[in-house]
Amino acid sequence: MALPQPRLDAPFNVTRASHVVLTGKDLAASRAFYADIIGLVVTYEDESCLYLRGLEEACHHSLVIRKDGGAGVCERIGLRVFTERDLELAKKYFDSVGIAARWVDVPFQGRTLHLDDACGMPVELCATMDDVPRYMQDFHRFHGASPQRLDHFQIVASDVERATRFYTDIGFRITEYTATDGTEDLWGVWLQRKGNTHDIVFTNGEGPRLHHFAFTIPDTHDLIHICDVAGSLGIADVIDRGPGRHGISNALFVYLRDPDGHRIELFTTHYQAIDIETRPIRWDLSNTRRSQLWGLPASKRWFFEATRFKDKKTSEPVLKADPVTLEKFLAMGR
Ligand SMILES: [Fe+2]
């Protein structure tokens, strides 16, 4: 298979990954985790929902948690488009390719367009949100990992090639990808609009499911500090993976699980990816350095557990190819 090529004359202008809407059983527990421990800012809360943002964000929210008694699910991921005209162009584009897209009213956001993407993931597009103060120089507010802004989502998809074509057709560009050894069969793809390594990642597996969402943090020591905080609070088991460094994207990372099992990544050091002559970096699936430049591979739990999307059925992956997990690596006697 040939690598999908981005449409450089995109039908409308997506600017970035914007926000994610999750459900949680106990909003007090979610608030304690995200605001008190991790360090996100609470923009708004009531008995049914919690709106959070990173310290430097001037938008109303990048993480929304709605109270729901069931298992934690993801209701939707949000992307920003540049202007209201881009929203109109998006509606026109989805109508022209036979994808149902409908206008909805969403609190604290401008006009919003809902649709399901090619892998069945619920997505919303908006051009604006209510604006709020940036706290990036309110250093007295910094604690936990001091998360600054939402950067990207990683999605488990049953058909990574199909998902990739949907996003390259609307102007996303591939910075890096993983293919099964000796082929161009996509196992994972890193796609971007905002000029760094990725806004959305798709990896092969039972999908669609949300693997994680990620916030940038100011410095390396913030990664260590959040681990120390989890340790001193006696909740070190919230640390799902890391700290470590990815080969793909060059991120220094740690992953945590929230009280409902949703996975958040905190990371530093993505690189700039803007120039059009730069070719995507290809990685073999068997090359464990793609997932960690040093240290041990991720556990089965990290590779295979993820958050389901609300009311969406999942499908088995079309590509039968598994990564090297920690369990597999140790069984090889390494
Ligand atoms: Fe990530």
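This is a short tour of the open and enclosed spaces in this structure, with one stop at a glutamate along the way.

Before you start selecting, keep in mind that the model is predicted.

**Stop 1: the largest pocket**

Select Ile174, Ile276, Thr278, Arg279 and Pro280. Of the 20 residues that line the largest pocket, these five lie nearest its centre. The space you are looking into has a volume of about 420 Å³. Now add strand β10, residues 173-179, to your selection: this strand gives the largest share of the pocket's lining, with three residues. If you colour the lining by residue class, you should find 11 nonpolar, five polar and four charged residues.

**Stop 2: the largest cavity**

Next, turn to the enclosed spaces. How many cavities of 30 Å³ or more does the structure hold? There are three, and the largest cavity contains about 230 Å³ of space. To find this cavity, select Gln154, Trp190, Thr203, His246 and Trp302, which are the closest to its centre among the 23 residues of its lining.

Then show the surrounding elements. Strands β9 (149-157), β11 (186-192), β12 (200-204) and β13 (209-216), along with helix α5 (300-304), each bring at least two residues to the lining. Colour this lining by class as well, and it divides into nine nonpolar, 11 polar and three charged residues.

**Stop 3: the second largest cavity**

Now select Phe12, Val14, Leu79, Phe94, Leu115, Asp117, Val123, Leu125, Phe166, Tyr167 and Ile170, the residues that line the second largest cavity. Two elements, β8 (122-126) and α3 (160-169), give two or more residues to this lining. About 50 Å³ of space lies inside. What is the division of this lining into nonpolar, polar and charged residues? Here you will count 10 nonpolar residues, no polar ones and one charged.

**Stop 4: Glu327**

For the last stop, leave the cavities and select Glu327, which sits in helix α6 (residues 326-331). Is Glu327 buried or exposed? Glu327 falls in between: its relative accessible area is 37%, so it counts as partly exposed, a label for values between 20% and 50%.

Now show what Glu327 touches. Setting aside residues up to four places away in sequence, Glu327 is in contact with Ser299 and Lys300. Try drawing a C-alpha to C-alpha distance from Glu327 to Lys300: the two are 6.8 Å apart in space, although 27 residues separate them in sequence. Lys300 also falls within the range of helix α5 (300-304), the helix you met at the largest cavity.

Terms used
Residues are numbered from 1 along each chain as its sequence is written. This is a predicted model: local features need pLDDT of at least 70, side-chain atom pairs count only at pLDDT 80 or more; totals for chains, interfaces and linings use all residues. Side-chain values use heavy atoms; hydrogens and water are left out. On a 1 Å grid over the protein atoms alone, a cavity is a set of points where a 1.4 Å probe fits but cannot get out, and a pocket is an open set with protein on both sides within 12 Å along at least five of seven lines; lining residues have an atom within 4 Å of a point. Grid points are joined across faces, edges and corners, and a volume is the space filled by probe spheres set on the points. Helices (H or I, at least four residues) and strands (E, at least two) are DSSP runs, numbered from the N terminus. Ala, Val, Leu, Ile, Met, Phe, Trp, Tyr, Cys and Pro count as nonpolar, Asp, Glu, Lys and Arg as charged, and the others, Gly among them, as polar. Buried means under 20% relative accessible area, exposed over 50%, partly exposed in between (1.4 Å probe, protein chains only). Contact means heavy atoms within 4.5 Å.
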